[in-house]
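Work through the exercises below with the sequence and the coordinates open. Try each task before reading its solution.

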Amino acid sequence: MTTREEQEKEMIEAAKRGDDETVKQLIQTDNTLKDCQNKTKGDEGATPLFHASANNQMNVIITLINAGVDKDKANNDGWTPLYIAARNGHKEVVSMLLNA
């Protein structure tokens with residue numbers, strides 16, 4: 001059986017790499033996984049939406065927003081998905097987050 005911690009790690013990694021199917025499957029398994037926070041040193045508090053926004057993973061962003069993710073949840077440094085998308089120059093992501 002997969003532990004909650006393993007599911008959270010899988011969700012974070014899927015969001016980073018743009019694996020929309022895995023994100024959808026994990027949300028179906030446990031909808032609260034959409035708002036899980038990374039516990040890896042250096043990425044503390046980053047959500048799947050944060051990682052998807054940082055990496056310009058539009059399909060994952062749409063899936064997470066449609067699942068009701070908290071789009072304004074900041075990481076432990078106070079950075080939001082909108083901030084990291086803007087910082088990384090992902091204009092389409094910025095627009096999506098502002099209009100969500």
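The exercises concern a predicted model.

**Exercise 1. Find the buried side of α2**

Task: Which residues of helix α2 are buried, and what covers them?

Solution.
- Step 1. Helix α2 spans residues 20–29. Its buried residues are Asp20, Thr22, Val23, Leu26 and Ile27.
- Step 2. Check how they are arranged around the axis. Their arc is only 160 degrees, so they sit on the same side of α2.
- Step 3. Turn to the face pointing away from that buried side. Gln28 and Thr29 are found there, and these residues are exposed.
- Step 4. Look for the cover. It includes α1 (4–17) and α4 (58–66).

**Exercise 2. Classify Thr22**

Task: Is Thr22 buried or exposed, and which residues does Thr22 contact beyond its neighbours within four places in sequence?

Solution.
- Step 1. Locate the residue. Thr22 belongs to helix α2.
- Step 2. Apply the cut-off. Buried means under 20% relative accessible area. Thr22 has 12% relative accessibility, so Thr22 counts as buried.
- Step 3. Leave aside the neighbours within four places in sequence. Thr22 is then in contact with Glu10, Ala14 and Arg17.

**Exercise 3. Trace the nonpolar core**

Task: In the largest nonpolar core, which residues touch the most other members, and which helices each supply at least two residues?

Solution.
- Step 1. Start from the background. In soluble globular proteins, nonpolar side chains tend to be buried together.
- Step 2. Take the largest nonpolar core, which has 20 residues. Met11, Val23 and Leu64 touch the most other members.
- Step 3. Assign the core to helices. At least two residues come from each of α1, α2, α3, α4 and α6 (91–99).
- Step 4. Follow Val23 outward, leaving aside its neighbours within four places in sequence. Val23 is in contact with Met11, Ala14, Ala15, Val60, Thr63 and Leu64.

**Exercise 4. Describe the packing of α4**

Task: What covers the buried residues of α4, and at what angle do α4 and α6 pack?

Solution.
- Step 1. List the buried residues of α4. They are Met58, Val60, Ile61, Thr63 and Leu64.
- Step 2. Identify the cover. It includes α1, α2, α3 and α6.
- Step 3. Take the pair α4 and α6. Their axes are 11 Å apart, and the packing angle is about 10 degrees.
- Step 4. Classify the angle. Angles under 35 degrees count as roughly parallel. Therefore α4 and α6 are roughly parallel to each other.
- Step 5. Name the contact residues. From α4 they are Met58, Ile61, Ile62 and Ile65. From α6 they are Glu92, Val93, Met96 and Leu97.

**Exercise 5. Place Ala52**

Task: What is the relative accessibility of Ala52, and how many residues separate Ala52 from Lys16 in sequence?

Solution.
- Step 1. Ala52 lies in helix α3, residues 48–54.
- Step 2. Its relative accessibility is 0%, so Ala52 counts as buried.
- Step 3. Compare sequence with space. Ala52 and Lys16 are 36 residues apart in sequence. Their C-alpha atoms are 5.3 Å apart.
- Step 4. Leave aside the neighbours within four places in sequence. Ala52 contacts Ala15, Gln57, Val60 and Ile61.

**Exercise 6. Explain two positive phi values**

Task: Where are Asn56 and Gly68, and what phi does each take?

Solution.
- Step 1. Recall the usual sign. Most residues other than glycine have a negative phi.
- Step 2. Asn56 is not a glycine, yet its phi is positive, about 60 degrees. Asn56 sits in the loop between α3 and α4. With 39% relative accessibility, Asn56 counts as partly exposed.
- Step 3. Gly68 comes just after α4 and takes a positive phi of about 90 degrees. Gly68 is in the loop between α4 and α5 (81–87). At 49% relative accessibility, Gly68 counts as partly exposed.
- Step 4. Add a distance. Gly68 and Asp35 are 33 residues apart in sequence and 9.2 Å apart in space, C-alpha to C-alpha.

**Exercise 7. Classify the aromatic pair**

Task: How many aromatic pairs are there, and what is the geometry of Trp79 and Tyr83?

Solution.
- Step 1. Count pairs with ring centres within 6.5 Å. There is one aromatic pair.
- Step 2. Trp79 and Tyr83 form the pair, 5.0 Å centre to centre.
- Step 3. Their planes are 55 degrees apart, and the pair is tilted.
- Step 4. Check exposure. Trp79 is partly exposed at 28% relative accessible area. Tyr83 is partly exposed at 38%.

Methods: Residues numbered from 1 in each chain as written. Predicted model: local features only at pLDDT ≥ 70, side-chain atom pairs only at ≥ 80, totals over all residues. Heavy atoms only, no water. Buried < 20%, exposed > 50% of the residue type's maximum accessible area, 1.4 Å probe, protein only. Helix = DSSP H or I, 4+ residues; strand = E, 2+ residues; numbered from the N terminus. Arc of directions from axis to C-beta. Contact = heavy atoms within 4.5 Å. Phe/Tyr/Trp six-rings, centres within 6.5 Å; stacked < 30°, edge-to-face > 60°. Core = buried A, V, L, I, M, F, W, Y, C linked by side-chain atoms within 4.5 Å. Axes fitted to C-alpha atoms, helices over the stretch in contact; angles between N-to-C directions. Parallel < 35°, antiparallel > 145°, perpendicular 65-115°, else oblique.
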